[in-house]
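Work through the exercises below with the sequence and the structure side by side. Each one sets a task and is followed by a solution that goes step by step.

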Amino acid sequence: MNGFVPNDQHMHEVLILLFNMKKSATEAYQEIRATYGAQYITETTCRERYEQFAKGDFAFKETGRLKANKRLKTM
């Protein structure tokens with residue numbers, strides 16, 4: 001991917017796209033994992049964001065989980 005590293009906001013926007021495409025949280029996780037790798041988002045985060053979207057809340061709220069996952073990858 002030519003050095004592109006997705007951040008929390010990018011993952012949030014991808015999840016909104018997949019949510020609007022009527023993908024389930026599990027399907028969204030699988031697509032993100034296949035595209036970016038498993039280290040960028042967890043299935044739990046996908047489910048939590050989908051619950052947020054289902055309530056009509058599409059606001060971005062940084063969780064800090066992505067940063068923790070990046071640290072694990074570099075160790």
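## Exercise 1: The start and the length of H1

Asparagine 7 caps the N-terminal end of H1, with a side-chain oxygen 3.2 Å from the backbone nitrogen of glutamine 9. The model in which this contact is found is a predicted one.

Task: Describe where glutamine 9 lies and how accessible it is, and then check the span of H1.

Solution. Begin with the residue that receives the cap: glutamine 9 belongs to helix H1, and at a relative accessibility of 39% it counts as partly exposed. Next, follow glutamine 9 across the chain to phenylalanine 60, which is 51 residues away in sequence although the two C-alpha atoms are 6.7 Å apart in space. Finally, turn to the helix as a whole: H1 has 13 residues, which at 1.5 Å a residue should span 18 Å, and the distance between its end C-alpha atoms, 18 Å, agrees with this.

## Exercise 2: The loop after H1

Task: Find the residue just after H1 that takes a positive phi, and state whether it is buried or exposed.

Solution. The residue just after H1 is lysine 22, whose phi is positive at about 70°. To place it, note that lysine 22 sits in the loop between helix H1 (8-20) and helix H2 (25-36). Most residues other than glycine have a negative phi, and lysine 22 is not a glycine, yet its phi is positive. As for its surroundings, lysine 22 has a relative accessible area of 72%, and because exposed means over 50%, this residue is exposed.

## Exercise 3: The buried side of H1 and the core

Task: List the buried residues of H1, and then name the elements that give two or more residues to the largest nonpolar core.

Solution. The buried residues of H1 are Asp8, Met11, His12, Val14, Leu15, Ile16 and Leu18. An α-helix has 3.6 residues a turn, so residues three or four places apart point the same way, and the list can be read with that in mind. The largest nonpolar core holds 15 residues, of which Leu15, Ile32, Ile41 and Tyr50 touch the most other members. The elements that supply two or more residues to this core are H1, H2 and helix H3 (43-54).

## Exercise 4: Two polar residues under cover

Task: Compare the places of histidine 12 and glutamine 52, and list what each touches beyond its neighbours in sequence.

Solution. Histidine 12 is in helix H1, and its relative accessibility of 3% makes it buried, because the cut-off for that class is under 20%. Leaving out residues up to four places away in sequence, histidine 12 touches Arg49, Gln52, Phe53, Phe58, Ala59 and Phe60. Glutamine 52 is in helix H3, and at 14% relative accessibility it too counts as buried. With neighbours within four places again set aside, glutamine 52 is in contact with His12, Asp57, Phe58, Ala59 and Lys61. One of these contacts can be described in detail: a polar atom of the glutamine 52 side chain lies 2.7 Å from the backbone oxygen of alanine 59.

## Exercise 5: The aromatic rings

Task: Say how many aromatic pairs the whole structure has, and follow the pairs that phenylalanine 53 forms with phenylalanine 19 and phenylalanine 58.

Solution. A search of the whole structure finds five aromatic pairs. In one of them, phenylalanine 19 and phenylalanine 53 meet edge-to-face, 5.4 Å from centre to centre and with 65° between the planes. This pair links distant parts of the chain, since phenylalanine 19 is in helix H1 and phenylalanine 53 is in helix H3, 34 residues apart. The ring centres of phenylalanine 53 and phenylalanine 58 are 5.2 Å apart and their planes are at 10°, so this pair is stacked. Phenylalanine 53 is buried at 2% relative accessibility, whereas phenylalanine 58 is partly exposed at 36%. Ring pairs join Phe19, Tyr50, Phe53 and Phe58 into a cluster.

## Exercise 6: The chain as a whole

Task: Give the pattern of the chain and the share of its residues that count as buried.

Solution. The chain has four helices and zero strands, and along the sequence it follows the pattern α-α-α-α. Of its 75 residues, 32% count as buried. The chain exposes about 4900 Å², with 53% of this supplied by carbon and sulfur atoms.

Conventions. Residues numbered from 1 in each chain as written. Predicted model: local features only at pLDDT ≥ 70, side-chain atom pairs only at ≥ 80, totals over all residues. Heavy atoms only, no water. Buried < 20%, exposed > 50% of the residue type's maximum accessible area, 1.4 Å probe, protein only. Expected span 1.5 Å × (residues − 1). Polar contact = N/O pair within 3.5 Å; in protein donor to acceptor, adjacent residues only side chain to side chain. Core = buried A, V, L, I, M, F, W, Y, C linked by side-chain atoms within 4.5 Å. Contact = heavy atoms within 4.5 Å. Areas by Shrake-Rupley, 256 points an atom, 1.4 Å probe, with all protein chains shown as cover. Phe/Tyr/Trp six-rings, centres within 6.5 Å; stacked < 30°, edge-to-face > 60°.
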